[in-house]
Every structure is written in C-alpha cells, then in structure tokens.
2 protein chains.
Amino acid sequence: MKSEYMSYDEFLINIKKGIVTEDGNCPVTPLLIMLQGRWKSRLMYEMCMYETVRFGQLKKDLPGITNTMLTKALRELEQDGLISRKQFNEIPPHVEYSLTEMGRDLLPVFYAIMNWGYQHEEELYRSKETG
Amino acid sequence: MKSEYMSYDEFLINIKKGIVTEDGNCPVTPLLIMLQGRWKSRLMYEMCMYETVRFGQLKKDLPGITNTMLTKALRELEQDGLISRKQFNEIPPHVEYSLTEMGRDLLPVFYAIMNWGYQHEEELYRSKETG
DNA sequence: TCTCATGGTATAAATTTTGTACCATATATA
DNA sequence: TATATATGGTACAAAATTTATACCATGAGA
C-alpha cells in the first residue's frame, strides 16, 4: 500500500472539520469529479486488470457501453492523466490503452471498495433479489 | 480500519484474474453502480462529515445541485441502504439525513481516495491550471 | 467478390440533469 | 393587516448527456 498522509484515526477526526490540502483544496473531490458519469469508474476498474488493453476488449468487459461512450470516456480519462493511449499504425491498426502511474495508484481505492463489497455482500445480494 | 477479506498483495495478484465472491458476484461493481451519476459520490462524501444533516445544508455543501437532483439522489441512496431519512412533523417541518452503518463503512474508501488526492496533489493542481 | 477485423465517427432518439417557478404552514416583522 | 422567512420539497419545460443504429477505411483471406 502507498504512504499515508494522515492516519485513519486522524482522518476520522478531521473529516468533521473538512479536509483540505495546504493550498486549501479538497483532496477527495477531484477524483470523484474525474470519475463522474455512468462508465468511468467501472472502466478504470476494468483497466486495473490489464497491463495493456484494447478498445474491443474493454467493450466486451463493459456490457452495454456504446462505442461513442467508450471513446468519450477513454479520451477524457487520458486528458485527466489517468490512462495513456498508444496507437499502432499496422493493418489492421490497433490501439493499446494502459494506466498511467496516477491511474495505477487507484488500486488502493479499489481495494477499499472491494473490502466494503465483501463486508456487505449479504445486504447487496438481498437488495439485488428484492429489486 | 475494518477487517480485511484479502491482503493487499493478494488483491494485486487476484485482480488480474478478476475478483468474485463465493456466489460469483463482483464485490467492487455494486458500489460503483450505486454511486453513478453526477452527484451521488460527492453527496456521500459530504454526508461523512455529519452525524445528521439536513436538506438545506447539503444543498449549500454541493454548489450547483438542484432541489430535484438532491431529492432524487437522497431517495435512491436511501433505497440502496446507504443513508436513512427521519422526518420531524413540526412547524416548520424538517428532515434529518444520516448514514446507515453500510454508508458509514464507506469511510475507508474515502480515506483511500484522500491519500490518492494528496499523493497526486501537484498533477491535479497543474491540470486545473492549464484546464 | 465477399467477409472479417481494427478502432472508431455521425446522426437522431431516448434519457438524465438543469432552470424556473411554485406549494403549505406557522411565526416574526412592518 | 400585509409581508417576509423558513422548511423540504414538487412540477414542468429546456438543455445536456447517453444510447441506438448505421457507417467509414484498410488489407488479408476465402
């Protein structure tokens, strides 16, 4: 796991006052904004499963996503520095997407989410059943 | 921090094969789906700052959100079991929202996000400057 | 000649989100 | 008496986002 900037206990105390960086910015909100929208957070999670991955594979991994939205999400995440795009001008041409260091550093976040998911597996399963 | 269901090292190994629960479900995706949309993840983060909080306060905390969307997000998060709503039939009436246990258990997730935010503060600041 | 594979784009339709106005009630103020 | 304030919203049309569908260029292989 990566270095911690504040212990979890400090975090629990400080969150009530609002957490800000030295510059007065929120360290939590930027990511939440970057991953807004229907697909981006799931796309980032899928990308964690590969070193490099292609458009077609990602499309299979995210059932229901359209070319338009996959393209848009990839472009915006690239713009935000979370993924990188490498184009191979062969025939047929192909493109490889991969996480940047900044993107790969999201692994601890998905790890925390996974633990939450295991912890609440039953409730999640129930609400899925009952709708 | 809460009990862990898999060490971080195991997580890094297993994520490449895809992580599933005993029932074959993904422990990560449900939360990502619950927090889809423009406001829900930020709303949950704001709610972490309070024991109980009212509609009007949340509206101040999320500049730009409309009554319609705040209402919709609160209803859906309540439906998903992340928050609870308590209505006081006084005059003027008021309503108190709070996190359920399941909602409060998201704190480690926001802690991980915070650490990511501190770690990449400079890059985030730069991209904010340059647009 | 026809099909397949690649990683998309173009366009209109459907859905989600926003902007604006408004509701009921009691109290406090002018 | 009339008006403003506070609460937590709802109703409706407009704007923005997302989806569905069709299509593009290229070369290889049947």
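Modeller: On a 1 Å grid over the protein atoms alone, a cavity is a set of points where a 1.4 Å probe fits but cannot get out, and its lining residues have an atom within 4 Å of a point. This is a predicted model, in which local features need pLDDT of at least 70 and side-chain atom pairs count only at pLDDT 80 or more, while totals for chains, interfaces and linings use all residues. Residues are numbered from 1 along each chain, and chains are lettered from A in the order in which they are written.

Biologist: How many cavities of 30 Å³ or more does a search of the whole structure find?

Modeller: Rolling a probe the size of a water molecule over the atoms shows where empty space is left. Here the search finds 1 cavity of 30 Å³ or more, with a volume of about 290 Å³, where volume is the space filled by probe spheres set on grid points joined across faces, edges and corners. Among its 19 lining residues, the closest to the centre are Leu32(A), Ser41(A), Leu32(B), Leu35(B) and Ser41(B).

Biologist: What area is buried between chain A and chain B?

Modeller: The size of an interface is often given as the accessible area lost when the parts come together. Between chain A and chain B about 5,800 Å² is buried, with carbon and sulfur atoms giving 68%; this is accessible area (1.4 Å probe), summed over both parts. Tyr8(A), Trp116(A) and Tyr118(A) supply 12% of the area that chain A buries against chain B, more than any other three residues.

Biologist: Which residues take part in the contact?

Modeller: Contact means heavy atoms within 4.5 Å, and 61 residues from chain A and 62 residues from chain B take part.

Definitions and conventions:
Heavy atoms only, no water. Buried area = accessible area lost by both parts, 1.4 Å probe. 1 Å grid on protein atoms, 1.4 Å probe; cavity = no way out; pocket = protein on both sides within 12 Å on 5 of 7 lines; lining within 4 Å.
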